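Open the model in your viewer and keep the sequence panel beside it. We will go stop by stop, selecting as we go.

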Amino acid sequence: MKILFSLVLLSRLLLNANELSFGNVPNHTQTSPKMQALQLHSSKNRESALNSLKNAPPYYRRHVDIYQEGEYYITRYQNSKYPIILPWILRDFKKAGFKDAYVVSSSDASSLASDKPKSLSLPKTASNSLNHQPIQAPLNQHDQTRLIADARKAYEQRDFTQATICYEIMIASGMKEHQILLNLAYLYGREGSFGLLEKKIEGKRGINEYLYAYGAGALEAGRSDLYHSFSPYLIYDKSGKLAMLCGYFFEQENDPKRAAAFYKMAYDASPSDPHILYAYARSVDISGDKEKALYLYTQITQLGSAFDPLRTASQSRIQTLRRIQ
C-alpha cells in the first residue's frame, strides 16, 4: 500500500489563473537578462523590407523597425520594456506570416541577418539597443493572463522546461511572488535545481513552504539528491514536513529503516498533521505493529471531508488489519 502523494500534495501547489493576485513592482532597477529581439525578415532589397512591415500585427507594430547592416535590411521586433521574448509573441508573428521568425540576443548578434554578419549596427540614439540592460517593467494584465495560461498549458503537456520559463518571467517581471514561487520551487525540484531555489528564497520568511514544494517535485521526478539538499534545513524544521518528505525519499530508495526514522521524526514534530499522521501510520503498519497502526488509522478516519482520500485509504486498511487479526 503506497500513498498517492503527488495527488494530495500537488492540488495545493498548482495554480489556477483566478488564484493569482498581483502586486506592484518595487521602484528600483532589477538585474535583467540580456536583451532579446525577434528577427522577422532580412533582405538586400529595401522595398522588400518595407513591405515586411505591413504584415506586423498592429498590437506590436510600434516596436518593429528596420535596421541596415551592410547590404542587408533587417526587420526586427524589440520592446525595451521586456528583455525576454515571451512565447506567445513569437507565435503571433508566425501566425501573421513571419514563418521564419526567430529569437536572438545580444550574445548572438552574429545571427541577426540571413548571411550571419558579425554585428548589427543600430542608431546610436536608439533607446532599445541590444547592448542596454533595461529597467524591467511589470507585465500588463493582458500579458499576465496569457503568461498564466501558457504556464498551465505547458504543465498539463508535461513540458516542465517551458513551464519553468513562464514562472521565471512572472517573477522577473514583478508579479506577486508567493504562489508563483511555490510552483517554481516544485518545477526546480523536478529539475534538481536546488541552488536556484536557495537564491530565490534567501532572506524570505516561511522558506519551509518552498522547500516542501521543491521536495514534491523532486519526489515525483525520482531525484536522488533530495536528502542531500534538505539535510542542512532539517534541524530548523518545526513542522515535520521536510522530515516526512525525507521519509518518502528513503522509501523510494528502498531503505525502510531510515524511512521509518524520518516518519517518526515528522510525527513527533506535528502529530496532528493529517498527511504526517497517515505517513506515520503506514510506517508503523509496515513495521508490523498492527495495534498501533489501527489506532493511528482510526484517528485519520475521524478527519473532515477535506481529507477523503486519506480517510478512504485508512478505512480500507483498518478492514484488512481486522481480518488478519
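In which hand does α5 pass α6? Select both helices and look: the crossing is left-handed, a term for a near helix turned anticlockwise from the far one by less than a right angle (right-handed if clockwise).

A word on the ground rules. This is a predicted model, where local features need pLDDT of at least 70 and side-chain atom pairs count only at pLDDT 80 or more, while totals for chains, interfaces and linings use all residues. Residues are numbered from 1 along each chain as its sequence is written, and side-chain values use heavy atoms, with hydrogens and water left out.

**Stop 1: the helix pair.** Stay on α5 (residues 160-172) and α6 (residues 177-191). They pack at an angle of about 145°, with axes 9 Å apart. Axes are lines fitted to C-alpha atoms, for helices over the stretch in contact, and angles run from 0 to 180 degrees between N-to-C directions. Show side chains: Phe 160, Tyr 167 and Ile 171 are among the α5 residues that meet α6, whose side of the contact includes Ile 180, Leu 184 and Tyr 188. Contact means heavy atoms within 4.5 Å.

**Stop 2: the sheet.** Zoom out to the chain, with its 14 helices and four strands. Helices (H or I, at least four residues) and strands (E, at least two) are DSSP runs, numbered from the N terminus. Now select the strands: they form an open sheet in the order β2-β3-β1-β4, with antiparallel pairing. β2 (64-69) and β4 (102-105) are the edges; each has a single partner strand, so one side of each lacks a neighbour in the sheet. Neighbouring strands are turned by 40° against each other on average, direction ignored. Strands pair if DSSP finds at least two bridges between them; β1 (residues 36-43) and β4 have four. Find Gln 39, opposite Tyr 102 in β4.

**Stop 3: helices on the sheet.** Add α2 (residues 46-53), which touches β1, β2 and β3 (72-77) and makes about 15° with the direction of β3. Then add α3 (residues 87-95): this helix touches β1, β2, β3 and β4, at about 20° to β1.

**Stop 4: the core.** The largest nonpolar core has 79 residues. Such a core is a set of buried Ala, Val, Leu, Ile, Met, Phe, Trp, Tyr and Cys residues joined through side-chain atoms within 4.5 Å. Buried means under 20% relative accessible area, exposed over 50%, partly exposed in between (1.4 Å probe, protein chains only). Select Tyr 77, Ile 89, Phe 93, Leu 197 and Phe 230, which touch the most other members. Finish on Phe 230: its contacts include Phe 194, Leu 211, Tyr 214 and Leu 242.

Technical notes: Lists of a residue's contacts leave out its neighbours within four places in sequence.
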